[in-house]
Each structure stands twice: as C-alpha cells, then as structure tokens.
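Me: I should like to go through this structure by question and answer. Please show it, and begin with the meaning of the terms for burial.

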Amino acid sequence: EPSAIVPTEVSVQPDVRVLGAREHNLQDVSLSVPRDATVVFTGVSGSGKSSLAFGTLYAESQRRYLESVAPYARRLIDQAGVPDVDSITGMPPAVALQQQRGAGNARSTVGSITTLSSLIRMLYSRAGDYPDGQPMLYSDDFSANTVQGACSECHGIGRVYTVNEQQMVPDPSLTIRERAIASWPTAWHGHQLRDVLVALGYDVDVPWQDLPRKDRDWILYTDETPFVPVHSRLTLSESKAAIEAGAEPSYSGTFVGARRYILDTFANTKSASMKRRVAQFLTAATCPVCHGKRLKPEALSVTFEGFDIAEFSQLPLRELITTLSAVTARIEREAASSGAVSPRAAWEDRIAGGESPQASTSDVRPTVRPAPEKRAAAVQLASGVLQRLRPLVDLGLGYLSLSRTTPTLSGGELQRLRLATQLSSDLFGVVYVLDEPSAGLHPQDVAALLGILDGLKGRGNSLFIVEHSVAVMRHADWLVDIGPGAGEHGGRVLYSGPPDGLADIMESVTRGYLFGGRGLPLRTPREARSWLRLENVTRNNLHDLAVDIPLGVFTAVTGVSGSGKSSLVSQALPSLLGDRLGRAVLADDEPVSDESLLADAPERLDGRIAGPVTGVRRLVVIDQRPIGRTPRSNVATYTGLFDHVRRRFADTPEARSRGYKPGRFSFNVAGGRCPTCEGEGSVMVELLFLPSVYTECPDCHGTRYKASTLEITWRGRTIADVLSMSVEEANLFFVGDEEITRSLAALSDVGLDYLRLGQPATELSGGEAQRVKLATELQRAQRGDTLYVLDEPTSGLHCADTDRLIAHLQTLVDAGNTVVAAELDMRVVAVADHVIDLGPGAGDAGGTVVAAGTPAYVADKGVGASAGYLAAALQ
Ligand code: ADP
Ligand code: ADP
Ligand code: ZN
Ligand code: ZN
C-alpha cells in the first residue's frame, strides 16, 4: 500500500555555486564546488586563482559577515569594493589564512599568536613553584607587555640603550664650536644648540677637555630643556657684552642635552637616515636587572619544573611537549598511588600552600608536594597546552619556541602557526581559504600538513586551497584549474572536478605536471670554477659548521623546514661574503630595523671565509622581503623604468609649454599628485571595532594625480593610464623605446607579464617581490662575477613558472655567475650542479651537512630526508 513506499533518500551534496565572477581577470566565470571537501585551485601565477578563491569567494563571505555585524559599515564596504560577481550561493562563513610576513609588531611572538602564552602565564600563576613567603601572582604579572609584569628598569624590552662620552665626543681636543660633540645634529640645529649654550654662559671656544667636569656632564647628560633668548654666532664674552648692552636677541632657542637628543631622535624620528645617524652613538646592552628576560624579579622567581617563565618560553615546542607530558603523567601516577587524599597529604598540602611547617615532627622538612587544587590546575592547564602544541609539532614547527618573534618567521611558518591554532579551536561548518600552505615545506613535511588539513575537514569544515604543490593537488577531492595563461590570457575555469579528470584537459598547463612530464630537462652537472670555504659558521642552529660552496655553478641547499637553510644561505653567507667584499649589495634598500642598527645585535654571527675569494666581486641577495612597505613603491618605481616614463611625459610639447618637469609626474612628491590622498590613490577609513578599510580617494578616484597633470598625454594616454597597464600592455605601448622596454622585457622574462606597473609593492606576494628584484637585476649588464643568493625562489610558483625562472638562473650561471639557492622543490634540486643537504632534522636536530655533492651523489647516499625524494625526481 502507498504508506509502505518510502521515497529513497537522495543524498544531495551541498554545493557552493558561483555565477558570473568577473573580479580582476576572471572572465565571467561560473562553477560549483563541493562543501565539506578539499578543493584545490591551480593555475600559473596570475591566472586568477586568488581572484577567485580570495577576491571573490572569501571577499563575499566577509562582506556578508561585516554587513550582518555592522550595518553602518555597508556604505564603506561598498566603497572598498564588493566582488564583481552575479551571485554566490551555499557559501559558509569563511576564515582566510593568507600568507603575510609577520612584519609590524616586534612584540608579537609565537606564543601570542597561538594564544599559548596566556595559558602558560596561567600555568605559572596557578601551578608554579613560589619561593617561601611570596604571595601568588596574577597571570598578567607574568607578561612583559603589562605595566605590572614588566621589568621596571628596561620597561619590558630586555635591553637598555646607553650612550658614553667617548662616543659622543670622540676628539676632546676640539672646542664645541669646532663640533666636539659629534653626536649633535649638523646644520642649523647644531648652530642653535651652540648659541643656546653661549647664552646659558658656557664657553664654546675652549677645548672640550678643558671644560670643568660639571659643565661637561650637564651638556651631555642633562634632561633639563631651558628655553632662552639667544644672540647668534657670538663668543661667550661678546654674548655677555651684548646682553649688558641690552641688544635685541636674534631668537629664542631650546637646549637639549646630547644624550637626550640621541634617545629622543632614535625613538621618534621618521627619517631613516636620521635614525641611522644617531644609532651609531647608541649602545644596546642586555638589561642588568632582568638579564634580558623582560619581567620583574617576583615573576622570574616563580618556576615550573625548574624553569622560570622566560626560560620555559625559550624551549623548543617539541621539548615543551616532553616536559608537560612528564608532569601530567607524574601527577596522575601520584594521585593514583596515593588513593584518597590522606590527612597527612592534606597537611603537607597546607604547608605547600604557604603555612609554616612548625608542626613538623621530624627535622627533615616534608617533601613539598602540590596542593590538590594546585595539582588539578597543573594537570588541567598542562593538558590544554599539550592539546594545542601537538598540531604545531605535527606541522613541522617543533623547532620554534614561544618567545620567537613573528618578524623573524617566514610567511609559510606564520601561516602554519595560524593553521595549527585554528585546529585547536572548535570551529566547524566554516570554509578555510588557504594560500599555498605547503610553502616552505620539505616534501617530507607535506605529508603532515595533509594530515592536519584532513583533520579540519573531518570536523565538518571545507577547505579552499590555492596551491602549486603536486602532492597537495593529488590529495584534493576536487580540483579547479584556472588559466590557461596569466592576466587576460587566463581567468577561465578550464576544469572543475575530481583530480583524475584533469588528465583529459589538453589546454591545461597544470595537467602536464600532474600526469607525467617533468618539465626541466635533466642535465650534466657543471664543474666548479673554484670553491668558497666557510668555517666556524655559528648562527641560530648552525654550530661551528664548515661548508664548501662551489663558484661558477648553481648550488641548491636543501633540508627539512627548520634545518638551517635560511640561516646559511640568507644570513651567514651574505654576511661573511659581504664583509669580505666590502658591502653586500642588497637588492633593496628598505629601512633597517632598530635592532640591526644597534651595535651589538644579540645574535652575533661567527664564522669566516677560509682563504682568498677569487672570481666573485659582487654579492646580490634576492630575497622575498617586500620591495617596499608603502603603496608608494611599485613595480615601475622599483625597477627604475618610471623615471624614463616620467621623462617622456615631461618631454611632450604641452608639458614643456606649461613648464612641467619630470617631478610633476611623480606621485611621491607634492606638485602633480593629488593633494587629498597625497598620491596614494586611496584613503584609509577607521572603523570602530573592525579592521580599517582603504577606500578609493574621492578626489582623484584612485588615479593618484591632479586633474591638470592628467591633461598631459603621451601617445594618447595619461601617466595614470600607464600605471594601470600590465607589463604586457606596456611592452606594446612603449614599443621601440629601448630604455623602457629593456626593463619590461626583464619583468616578462621572470613571468610577471600580468603585473600592473602601478601595482603597489604591498600587494605583491613574497614570490612576486622576489621576481621583481630578480628582473631588476637581470636588466643590468652581466659581468659574470656575481654571486646570487636566493631563498626559496620557487615558492609561490606554478611548476611552469618555476621552469622559466630556473632557466633564467641557469643563463646567469652560463654567463659565469654563481647561484646559491635554498630550495625544496626536488625537480629543481635535481637540475642543480651541486647539492648541500642540511639536517638531519629541524632546530637543534639539524644544522649539519648531511650530504654534499652532485644531485645523483646526494640521492645515492641515501641518508637524510631529501635523498629519497631527490632520487625520485632524478628518474
Ligand atoms: P593567481 O592567484 O593565479 O596568481 P591573481 O588572482 O592574483 O592570480 O591575479 C589574476 C589577475 O588579476 C592578474 O592579471 C593580476 O595582475 C590581476 N590582479 C590581481 N590583483 C589585482 C588588483 N588588486 N587589482 C587589479 N588587478 C589585480
Ligand atoms: P630553514 O631555512 O631550513 O627552514 P632556518 O635557517 O630558518 O631553517 O632555521 C633554523 C633554526 O634556526 C630553527 O630552529 C629556527 O627556529 C632558528 N632560527 C632561524 N631564524 C632565527 C631567528 N631570527 N632567531 C632565532 N632563531 C632563529
Ligand atoms: Zn629589564
Ligand atoms: Zn587622490
């Protein structure tokens, strides 16, 4: 009968559907991808993967979220840009984990971004061992970022800055008028300070060493800032005479002591060169009170398993696990063996809790055992910490410590930290949108990453991953391949389905790498022209390392994450060779950090180059650091091609007749730029409780220029039009203009055809920034005596882009130069001339040369994490 007919349950897999996406280069794309699955977006750089995953899917999810929590933000969000898409349905709330350098806050650490630090502070507060008679502290007392926790001597910085007389006055036989005080400002401010001293009654025309001690100390060290009328450029006696005669003062000026001038300038100046100048008179020393531990003495007196909290925070995460597991196991064992709490144990507990042991019946003080509450707290907090630590160690980050500051982490490390932190949150039903989570991971570590990602999916989340790693693509439930090319040659969905089906899509560049073809042809290794021997190299986890680097060939330095590749390639080598050659030519001249300016950076690099350096005259470091930190720097300005472009505009008859010089066409100096946004093209809007939003400048509409500047055209285009051209478009536009097309061709050679000339440096990925630097270098004439240092040059690149980049590096070597690159892609390592495999593990378990030789030799030796993968790549 009818009631017996039960309709079959149709299991409808909920889908995310996108209709008509047109963000950036996307060509009206429609597709649907499954939820609760791992969806991997592939395609060459610039094909539109991020525009779809981040620019459309994530942006839309974010917009809906912001709208729901802050209706008033709607107008601002609309201005900031709603993704250009007809509709998106079925999209769950999204969490984006993008790659970005941990720039900015130097006080942010592994502990703070994983929130482990607050748990550890709680652990010390509740379950730490206190010295007799010391009251318990609150967890904030263990934070150097709070007033109550910070060491009062160094204010929680761990270092104190000092000045001394020898540095400020290097030649005491000079008079003040002769600039005895070398640390004083030059030019008018220096004259003013001297005039004020005269007005205050000091003699500035006797040698410094002949001034009374009291006067010298006051001039150098006073914190008083007297404001007095001054007669300019007089001697002491002339000045006295002038005052007696009642002469009109030239002006009134303020005196600032020499030390105070240095400290204030260092702390407050916005000018990098001023900062550099005063830094040479400052010495940083470890704080004598907290010994660099940044906390007040009471906090440091509390220990857990014998470590104070600063020491505990410096242990590798791996060791924290060992220590905390031992503690919880021991406490549980003790509780089990003691059964119910005996009166004796309770009594002992009261003693441990701070009561005096007068009632003791023996001379031996009872073993102090934690009170039950304290034991419970210790177990509970330690278990919480352990639970959060495990995913971090699984992701190959066990070598980091809680105290490690985020600016010293790579983008990949930072992203994996955030990923592991997500894993210990209990979110489910969200989409994680990830940007190349395998970046910086050795193939061996990728397996662990996939495990973590499966864990997130298993809890009912969806994963949208932009990736280049073939291993991650193979692991996907669903693949979305975008392309076939970059920019306007891409932006189409070539394939959306289970990975296997991509095999039939002939148009796809990804296909070739996923199914068979190896791309880079194997080659016979070149012979070294000569060798550079580094000895006693000590830095981070490298201890007294000796390593030979062949010159005139391409060397790949490999090893698991944390094994020491960057320490060797990006730190030790450039610093040692730079010292020898005079000066390392950094491919960028961004302002240096406060730390590195000061005389004794805490980590002194040890090591030397044995023997003479022959055949290398220049050192060029091409790293992934941003090419500029403000939107004012862009591809056109960085490569120098914008100078030529501005000259073309200034040379037009209309510009000449109006008297516009090349500077008129700059957006970095006042003149032709839009005064509202000062040439940035956007203005920042602060939102209460929400991240600030950049919106298009209302006056220039993002063009960055005044209307009058835009009246000048060259070949029918304005300067703003030129900035919005892609490299490829500009190449056609400037055809025949050698000076400009040389730079453009170099950018195109490294696969950056799709970049817009005006694309702000801040919008470039680390890999793109690195390739811009490489292009800038390639456009210079080659001399064949340069050593290029690159840190993971292929991270962030599609296999096809990797192949192009490596082909270019090989031409540099063919021209006689040397390339040394940290590299994890075994396809690339296989075509190097020489391999240095570091390891065997990460952190303290790494830092040695496991094997060195030709790729075939290192693969054959069969030791180390790389050998097996390298052997496979050599097939
Ligand atoms: P992928 O992630 O595949 O490397 P993207 O999605 O980043 O590619 O870029 C696709 C295209 O969109 C490129 O041509 C790029 O130059 C362009 N594009 C990227 N970001 C912007 C932006 N903020 N404004 C305009 N165009 C952009
Ligand atoms: P790789 O490049 O092979 O991933 P790194 O050279 O970055 O390895 O790191 C090697 C070891 O040195 C790791 O234990 C890492 O935590 C440590 N380390 C690297 N940079 C710093 C730094 N700036 N400060 C402290 N420790 C560092
Ligand atoms: Zn201190
Ligand atoms: Zn403007």
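Reply: A residue counts as exposed if 12 or fewer other C-beta atoms lie within 10 Å of its own, and as buried if 20 or more do. The structure is a predicted model. By that criterion, the residues of helix α9 that are exposed are Ala267 and Asn268.

Me: Which residues of helix α9 are buried, and within what arc do they fall?

Reply: Helix α9 spans residues 258-268, and its buried residues are Ala258, Arg259, Tyr261, Ile262, Thr265 and Phe266. An α-helix has 3.6 residues a turn, so residues three or four places apart point the same way. Seen down the axis of α9, the buried residues line one face of the helix because they fall within an arc of 165°.

Me: What covers the buried residues of α9?

Reply: The exposed Ala267 and Asn268 lie on the other side of α9. The cover over the buried residues includes three helices, namely α5 (165-168), α7 (213-221) and α10 (272-279).

Me: Which strands are at the edges of the open sheet that contains β16?

Reply: The sheet has three strands in the order β17-β16-β20, with antiparallel pairing. Each edge strand pairs on one side only; the two are β17 (542-551) and β20 (606-610).

Me: Which residue stands opposite arginine 533?

Reply: Strand β16 covers residues 530-539 and pairs with β17 over seven bridges in the antiparallel sense. Opposite arginine 533, within β17, stands aspartate 548.

Me: What angle does the direction of α20 make with that of β16?

Reply: Helix α20 packs on the sheet and touches β16, β17 and β20. Its direction and that of β16 make an angle of about 110°.

Me: Which helix gives the largest share of the shell around ligand 2?

Reply: The shell holds 16 residues, the closest being Asn540, Lys565, Ser566, Ser567 and Gly843. By class, three are nonpolar, eleven polar and two charged. The largest share, three residues, comes from residues 565-581, that is, from helix α20.

Me: By how many degrees are neighbouring strands turned against each other in the sheet containing β1?

Reply: This open sheet has three strands in the order β2-β1-β4, paired in the antiparallel sense. Its edge strands are β2 (29-34) and β4 (85-89). On average, and with direction ignored, the turn between neighbouring strands is 5°.

Me: Which residue is the bridge partner of alanine 21?

Reply: Strand β1 (residues 15-21) and β4 pair in the antiparallel sense over four bridges. In β4, the partner of alanine 21 is valine 85.

Notes
Residues numbered from 1 in each chain as written. Chains lettered and ligands numbered in written order. Predicted model: local features only at pLDDT ≥ 70, side-chain atom pairs only at ≥ 80, totals over all residues. Near = placed C-beta within 6 Å. Nonpolar A, V, L, I, M, F, W, Y, C, P; charged D, E, K, R; others polar. Pairing = 2+ DSSP bridges. Contact = placed C-beta atoms within 7 Å. Axes fitted to C-alpha atoms, helices over the stretch in contact; angles between N-to-C directions. Arc of directions from axis to C-beta.
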